[in-house]
Amino acid sequence: MSAQRKDAVDAIIDQWAAVRPDLDTRAMEVFGRIFRLSRAMGDRMEKAYAPHGISRGEFDVLATLRRAGEPHTLSPRQLSATLMLTTGGMTGRLDKLERAALLRRSPDPHDRRALQVTLTEKGLTVVDEAVSAGLATETEALSALNEEQADQLADLLRVLLDGTQGAER
């Protein structure tokens, strides 16, 4: 362990060491912290988006449409694939966002069996404000690291993510 103060994960590792000293708990140290960090940041992001009237899941839909560029339109299938949601889960989010006038669904002019989902002006305003609030929240949390550490962590997480996704392929 480094010279940093101990955290809750260290306490768990110490408990395992006492009862099963034969275990290599390095993976538990890494992923335990990743899971705890993810949960803590998820909660913070919910709070950042709440003043804009949206949840994290709803932000994800709006942000996906925003990143698609003009005219900020995708099919429900494209949204589902990007966000890794079932069609039922996507329908629920789209219903709520449409009721809030943040997006609209309309027939696809090229396929009468299909729909397209488009960000409204109100939705564009909300997602632009929410992304700024979310980034401010993330930047504040990341301020615990200096720029070099943040770059190194991003690189290491990219390698780890690629390794885990490669195993799934």
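## A walk from the nonpolar patch to the salt bridges

Helix α7, covering residues 147-168, gives the most to the nonpolar patch, supplying 3 residues. Before going further, please keep in mind that this is a predicted model. The patch itself lies on the surface, amounts to about 420 Å², and is made by Val30, Leu142, Leu145, Leu153, Leu157 and Leu160.

Let us pick one member of that patch and follow it inward. Val30 has its place in helix α2, which runs over residues 26-49. With a relative accessible area of 36%, Val30 is partly exposed; patch membership asks for over 30%, so Val30 passes that cut-off. Helix α2 also allows a simple check of geometry. Its 24 residues should span 34 Å at 1.5 Å a residue, and the C-alpha atoms at its ends are indeed 34 Å apart, so expectation and model agree.

Which residues of α2 are buried? They are Gly32, Met41, Gly42, Met45, Ala48 and Tyr49. These buried residues pack against three helices: α1 (8-19), α3 (56-67) and α6 (121-142). Helix α2 therefore shows two aspects in this model: Val30 is partly exposed, while Gly32 is among the buried residues.

Now step to the loop that lies between α6 and α7, where you will find Ser143. Is Ser143 buried or exposed? Its relative accessible area is 55%, and since exposed means over 50%, Ser143 counts as exposed. For a sense of distance, compare Ser143 with Arg67: the two are 76 residues apart in sequence, and their C-alpha atoms are 26 Å apart in space.

The loop between α3 and β1 (73-74) deserves a pause for its backbone. Pro71 has its place there, and a cis peptide bond joins Glu70 to Pro71, with omega at about 5 degrees. His72 lies in that loop between α3 and β1 as well. Although His72 is not a glycine, its phi is positive, at about 60 degrees. His72 is also buried: its relative accessible area is 6%, and the cut-off for buried is under 20%.

A positive phi also turns up at Ala101, which is not a glycine either; the value there is about 65 degrees. Ala101 is found in the loop between α5 (87-99) and β2 (103-108). Its relative accessible area is 36%, so Ala101 is partly exposed. His72, by contrast, is buried.

The strands come next. How are the 3 strands ordered in the sheet? They form an open sheet in the order β1-β3-β2, and the pairing is antiparallel. Strands β1 and β2 are the edges, each pairing on one side only. Between β1 and β3 (residues 111-119), the antiparallel pairing extends over 2 bridges. Here Leu74 stands opposite Val117 of β3.

Finally, turn to the charged side chains, where the count comes to 10 salt bridges. Asp14 and Lys6 provide one of them, with their side chains meeting at 2.7 Å, N to O. Asp14 is partly exposed, its relative accessible area being 40%.

Another salt bridge joins Asp95 and Arg105, whose closest N and O atoms are 2.4 Å apart. This pair links distant parts of the chain, since Asp95 is in helix α5 and Arg105 is in strand β2, 10 residues apart. Asp95 counts as partly exposed at 30% relative accessibility. Arg105 counts as partly exposed too, at 22%. Because the cut-off for buried is under 20%, Arg105 falls in the partly exposed class.

The bridge between Arg158 and Asp155 brings us back to the helix where we began. Their closest N and O atoms are 2.8 Å apart. Both residues lie in helix α7, 3 residues apart, which is about one turn of the helix. How do the two partners sit with respect to the surface? Arg158 counts as exposed at 54% relative accessibility, whereas Asp155 is partly exposed with a relative accessible area of 41%. Elsewhere, salt bridges that share partners join Asp7, Asp10 and Arg33 into one network.

Technical notes:
Residues numbered from 1 in each chain as written. Predicted model: local features only at pLDDT ≥ 70, side-chain atom pairs only at ≥ 80, totals over all residues. Heavy atoms only, no water. Patch = residues over 30% accessible without salt bridge, like charges linked within 9 Å, V, L, I, M, F, W, Y side chains within 5 Å. Areas by Shrake-Rupley, 256 points an atom, 1.4 Å probe, with all protein chains shown as cover. Salt bridge = Lys/Arg side-chain N within 4 Å of Asp/Glu carboxyl O. Helix = DSSP H or I, 4+ residues; strand = E, 2+ residues; numbered from the N terminus. Buried < 20%, exposed > 50% of the residue type's maximum accessible area, 1.4 Å probe, protein only. Expected span 1.5 Å × (residues − 1). Contact = heavy atoms within 4.5 Å. Pairing = 2+ DSSP bridges.
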